[in-house]
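Here are a few exercises to work through with the model open in your viewer. Try each one yourself before you read the solution.

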Amino acid sequence: MSNRTRPRRVLIVDDEPNIVISLEFLMQQAGYDVHVARTGEEAVELIQRLEPDLVLLDIMLPGIDGFEICRWVRENPAWDKVKIIMLTAKGRDVDIAKGFALGADAYITKPFSTKDLMAEVERVLEQA
Amino acid sequence: MLQPWVIALVALGYIGVLFAIAYYGDRRVTAGRSLINNPYVYALSLAVYCTAWTFYGSVGRAATTGVGFLPIYVGPTLMAALWWFVLRKIIRISKVNRITSIADFIASRYGKSTLLGSMVTLVAVVGIIPYIALQLKAVSISFTLLWHFPDLSLPPINTIPVLRDTGFYVALMMAAFAILFGTRHLDATEHHEGLVVAIAFESVIKLVAFLAVGVFVTYGVYNGFGDIFTQAAARPELRRLFTFGDSAHAFENWFWLTVLSMMAIMFLPRQFQMAVVENVNERHLNTAIWLFPLYLILINIFVLPIALAGRLTVSGPDVNADMFVLLMPMIKGNELLALFTFIGGLSAATGMIIVETVALSTMVSNDLLMPLLLRTKVLRPSEHQDLPSLLLLIRRAAILFIVLLGYLYFRLTGEALSLVSIGLISFAAVAQFAPAIIGGIYWKGGTRLGAVVGLVSGFLVWAYTLPVPSLVQAGWLEGNFVEQGPFGITWLRPYTLFGLSGLDPVTHSLFWSMVANIGGYLVASLIGPQSVIEHRQASLFVDVFKQVRRGEHIRLWRGTTSVPDIQNLLERFVGRRRARAALAEYARERGVTSVEELEADSELVDFAERLLAGTIGAASARVAIATVVTEEPLSIEQVIHMLDEASQVIAYSRQLEQKSHELEAVTAELRAANERLKELDRLKDEFISTVTHELRTPLTSIRAMAEILYDHPELDTNRRAQFLGIILKESERLSRLINQVLDFAKLESGMFEWHVSEVNLRSVVEEAVASTEHLFRERNVRLRVVVPAHVPTVEADHDRLVQVMFNLLSNAAKFAQDWVEVRLTLQGDVVRVDVSDNGPGISPEEQELIFEKFRQLSRGTRNRPQGTGLGLPISRHIVEHLGGRLWVESTPGAGATFSFILPVMVSEGAIAPVGVQSS
Amino acid sequence: MNKHHVVGQRLAALFFFGMLVFNYPLLSLVNVDGMVGGVPVLYAYLFVSWVAFVGLMAVIVERK
């Protein structure tokens with residue numbers, strides 16, 4: 001699918017193990033280099049270490065929440081190329097607006113259709 | 001050699017200037033730019049205290065007694081320090097009560113007594129007439145001296161024909177001045193601006209004139225103070241004046257004269273007029289307190305030098321030391337200065353005469369004649385329409401009468417007495433007012449009877465010990481009782497009453513009259529009871545600074561009248577225009593549009609009485625009001641009743657205040673409740689949002705897994721089984737969540753169905769343990785259950801209790817490291833269940849939070865526990881509903897223990913307490 | 001109000017001080033036959049005290 005030499009690196013940030021399992025499967029199927037973080041702190045650490053191409057970010061996390069992580073990433077110009085897709089059960093308009101305001105590239109509410117999710121992931125990664 | 005016509009012309013010219021200044025002063029008021037609203041003018045107008053006595057007499061006294069002239073000025077200086085309290089209070093009282101004179105003040109204080117008012121007036125007139133005579137005498141002598149110079153042996157003053165006597169013309173002109181500028185308004189409380197300005201001007205003139213003579217003598221004739229004193233010291237009879245001398249009573253005399261002048265500065269009618277009635281602003285007092293004493297110092301600096309110079313220069317039995325001030329410039333040939341000095345003396349005399357007659361005429365008209373008029377049928381207001389003109393006529397006639405009386409006195413007594421001794425007799429007379437006034441403004445117990453008795457006895461003693469013997473000595477009364485005592489009774493000799501000898505006559509008289517006065521005032525006050533009005537006036541005066549505003553005090557009055565009656569009365573006394581204007585103003589204050597709408601209540605009567613008081617004095621106003629008001633005499637019971645009512649009103653207003661406080665509190669509560677509602681609304685919103693989130697989470701896994709399975713038929717069996725397992729688990733979670741949300745909603749709304757029966761907790765525990773066993777096994781956690789053999793039953797819903805135990809056990813299983821213990825114990829009349837784990841524990845802050853909905857704790861585990869966040873809140877709800885309590889105890893790092901207690905069901909027999917039997 | 005009170009107290013104190021200064025027995029101390037600066041001792045005492053007294057009143061009342 002991609003001519004690139006190394007596969008795109010995707011970081012999944014979610015604290016629901018079963019959701020992580022499904023996302024991990026989907027991303028691996030699409031050929032990405034998949035990593036998982038289950039808490040905010042872990043996500044921060046992995047973002048710094050791996051500089052992923054894409055972060056699938058849940059909002060309701062133990063410790064640092066998704067909004068905070070998004071803000072933190074966007075405040076650092078070095079990570080301008082890091083794409084962020086907010087993936088959350090928080091579906092209120094205010095939450096969506098807040099996500100975009102903080103610099104998310106896409107916002108997908110749970111539960112999601114796997115096809116829609118994959119299409120959105122590809123679209124976001126194409127922009128890079 | 002000054003021609004008499006020159007002197008007369010200059011004097012006339014000066015008086016003309018005085019009229020012009022007064023006229024200008026009055027004009028300025030009309031133009032709205034008052035000259036007397038100025039602390040310096042006020043302080044200077046108080047210097048009316050310095051009369052011809054000061055100007056001429058001080059030098060005469062200094063020339064004969066040395067320091068004897070000084071207490072008259074030291075006293076007022078000391079008193080000025082107390083003005084801050086005393087005079088301020090008198091001014092305030094007078095403004096509040098529209099007091100017009102010192103007689104009015106005393107009458108008003110003691111129940112608006114016409115008797116007291118007329119007595120004070122009589123004492124003042126009798127006491128002051130000689131003082132006015134003194135001024136005329138000084139003018140007359142100084143004029144004659146100036147005219148006859150260098151012949152120093154003057155003809156006896158009272159042999160000059162009246163029509164050729166300057167004193168007579170000055171008297172007439174002063175009467176004219178006082179009439180013109182002192183009776184312009186009917187309302188005696190209104191300020192006589194022109195008059196005050198003229199008096200302040202005169203104060204400047206007399207001071208400048210005296211200082212001019214002083215400087216001329218000290219530095220022109222001699223070489224300064226040292227020169228005069230050194231020359232005088234060489235003469236034993238003058239050196240004697242430098243000290244008090246050897247008299248054993250010199251210090252006593254000094255002290256009593258100081259006290260006497262302290263009273264005089266307050267209670268001389270003219271001082272009261274200037275300091276109190278003409279005061280436009282209480283603050284002016286502040287300046288006067290130091291400026292007026294400063295004036296006294298200045299006018300006294302050269303007294304002794306001039307006196308000594310006079311004694312050194314002039315000698316001979318014919319020389320009147322009182323005239324040294326005038327003689328010195330004349331002898332030294334400075335005619336211009338002599339003329340100026342004469343004008344200075346004239347200004348000192350005229351100032352006194354003008355103010356004194358205005359003050360006395362107000363007293364005579366308001367406190368002596370008015371009550372008489374009001375009590376005489378023919379003159380009653382209803383019979384006489386033009387009262388304002390009559391009042392003014394009375395006042396003008398009184399002025400003329402008083403001035404002429406003064407002149408008559410001067411003609412009769414002639415040169416028998418020195419200026420100072422005449423003045424001191426007057427001082428001692430007005431000192432008789434002191435006990436009634438000072439007592440009246442600081443002691444509520446002083447009564448009318450006390451004031452009358454004190455004043456009468458003081459006055460009689462004064463008369464017997466001062467003016468009577470002086471008249472005898474002047475040859476106007478027959479007899480030798482001064483030396484022998486009346487009927488030969490020696491201890492009644494007027495100058496050594498009861499054998500008290502050694503004091504000079506004034507001191508002697510002052511002492512005995514004060515003993516009689518103060519003694520009479522105190523004793524009579526303490527004997528008799530106060531009438532209602534006396535009591536009211538007493539507190540009005542004594543508590544003047546405590547009254548916040550007019551009309552706040554309780555009105556002890558009951559009577560009937562009508563508005564037209566009041567209006568007619570006012571119109572007759574103060575004139576139609578003023579009465580209408582005042583009533584209209586009053587109506588506006590009361591908030592009604594016209595006078596007709598006013599109520600004839602006690603407040604209106606009070607207002608009318610005050611208005612009248614400003615014109616005819618408090619006592620007369622009361623009599624006048626009584627002609628249109630049928631006043632019901634108040635008994636003590638009624639007074640008490642009215643006071644009760646007043647206190648009820650006060651209590652009622654307190655209640656109102658309390659009510660409004662309560663209302664405020666209720667409002668605050670409502671506001672808080674509203675806030676709470678808003679908060680609840682917000683919480684509901686949050687609840688729905690959270691529930692939605694919680695529902696979506698398992699649904700997400702289910703949908704994702706289902707789609708993966710659907711899209712990837714090629715998946716191997718293990719994967720398939722794993723994914724299907726996830727779908728099942730998440731579906732269970734979803735249904736549990738839905739049930740719990742429903743339960744919770746029911747619990748919160750009170751629609752939860754309860755099936756209460758006798759429940760054995762042992763079976764509850766066992767059931768819950770059985771249904772959670774797989775959880776423990778999965779997580780490899782050891783479960784220990786400690787339950788006693790016999791457990792009493794509790795009254796509860798069995799299924800709900802199982803739900804509670806299930807929640808606690810599954811939580812424990814989730815967080816425990818490797819063991820969980822369930823312990824059931826009996827503690828008195830409760831059963832207690834503890835579920836302990838050795839997990840990470842819960843921090844103190846979080847121990848209450850976990851019982852709120854959707855509060856889930858990660859408790860440090862890497863995996864988020866699979867809960868709904870509703871288990872603990874629901875459990876607590878259930879236990880509390882069943883009459884128990886659920887709580888948690890935990891030390892972070894050392895596990896947690898969730899416990900609940902439920903009351904043991906009491907069997908029928910155990911209910912009745914032991915030992916109590918109904919009979 | 002408070003200032004008013006303080007001024008009143010000072011003036012009252014000054015009054016009592018003045019009563020002392022201008023009366024027996026202090027006056028008897030200066031009732032001597034002598035001159036100071038060309039002026040009899042008694043007069044010098046009286047006038048100096050007098051000026052001081054008035055000066056103090058002015059200071060007390062006018063001090064803002």
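**Exercise 1.** Find what share of the residues of chain A count as buried, then work out how its elements are ordered.

*Solution.* Start with burial: of the 128 residues in chain A, 54% count as buried in this predicted model, taking buried as under 20% relative accessible area. Next, list the elements: chain A has five helices and five strands. Walk along from the N terminus and you get β-α-β-α-β-α-β-α-β-α. Now check the contacts with a separation of 6 or more: in chain A, 60% of them come from residues 24 or more positions apart. Finish with the surface, where carbon and sulfur atoms hold 48% of an accessible area of about 5,700 Å².

**Exercise 2.** Describe the interface of chain B and chain A: its extent, its salt bridges and the helices of chain B that take part.

*Solution.* Step one is counting residues: 28 from chain B are in contact with 24 from chain A. Step two is area: the two chains bury about 2,400 Å² between them, with 56% of that on carbon and sulfur atoms. Step three, look for charge pairs. There are two salt bridges between chain B and chain A; one of them can be checked by hand, as B:R733 pairs with A:E16 at 2.9 Å between the closest N and O atoms, and the cut-off is 4 Å. Polar contacts come to four residue pairs, both partners at pLDDT 80 or more. Step four, assign the elements: α30 (636-711) and α31 (717-749) of chain B each supply at least two residues, and α30(B) gives the most, 14 residues. Sorted by class, this side of chain B has seven nonpolar, 10 polar and 11 charged residues.

**Exercise 3.** Do the same for chain B and chain C, and say which residues of chain B lose the most area.

*Solution.* Here 39 residues of chain B are in contact with 33 of chain C. The buried area is about 3,200 Å², and carbon and sulfur atoms give 79% of it. On the chain B side, B:L78, B:W84 and B:F251 lose the most, together 20% of what that side buries. Now the charges: the rule finds one salt bridge across this interface, and B:R239 forms a salt bridge with C:D33, closest N and O atoms 2.9 Å apart. Seven residue pairs are in polar contact, again with both at pLDDT 80 or more. As for elements, α4 (71-83), α10 (224-233), α12 (250-267) and α14 (284-300) of chain B each supply at least two residues, with the largest share, nine residues, coming from α14(B). By class, the chain B side splits into 28 nonpolar, nine polar and two charged residues.

Key: Residues are numbered from 1 along each chain as its sequence is written. Chains are lettered from A and ligands numbered from 1 in the order in which they are written. This is a predicted model: local features need pLDDT of at least 70, side-chain atom pairs count only at pLDDT 80 or more; totals for chains, interfaces and linings use all residues. Side-chain values use heavy atoms; hydrogens and water are left out. Contact means heavy atoms within 4.5 Å. Buried area is the accessible area (1.4 Å probe) that two parts lose on being put together, summed over both. A salt bridge is a side-chain nitrogen of Lys or Arg within 4 Å of a carboxyl oxygen of Asp or Glu. A polar contact is a pair of N or O atoms within 3.5 Å; within protein, one must be able to donate a hydrogen and the other to accept it, and residues adjacent in sequence count only if both atoms are side-chain atoms. Helices (H or I, at least four residues) and strands (E, at least two) are DSSP runs, numbered from the N terminus. Ala, Val, Leu, Ile, Met, Phe, Trp, Tyr, Cys and Pro count as nonpolar, Asp, Glu, Lys and Arg as charged, and the others, Gly among them, as polar. Buried means under 20% relative accessible area, exposed over 50%, partly exposed in between (1.4 Å probe, protein chains only). Accessible areas come from the Shrake-Rupley method with a 1.4 Å probe; for residues, only the protein chains shown count as cover.
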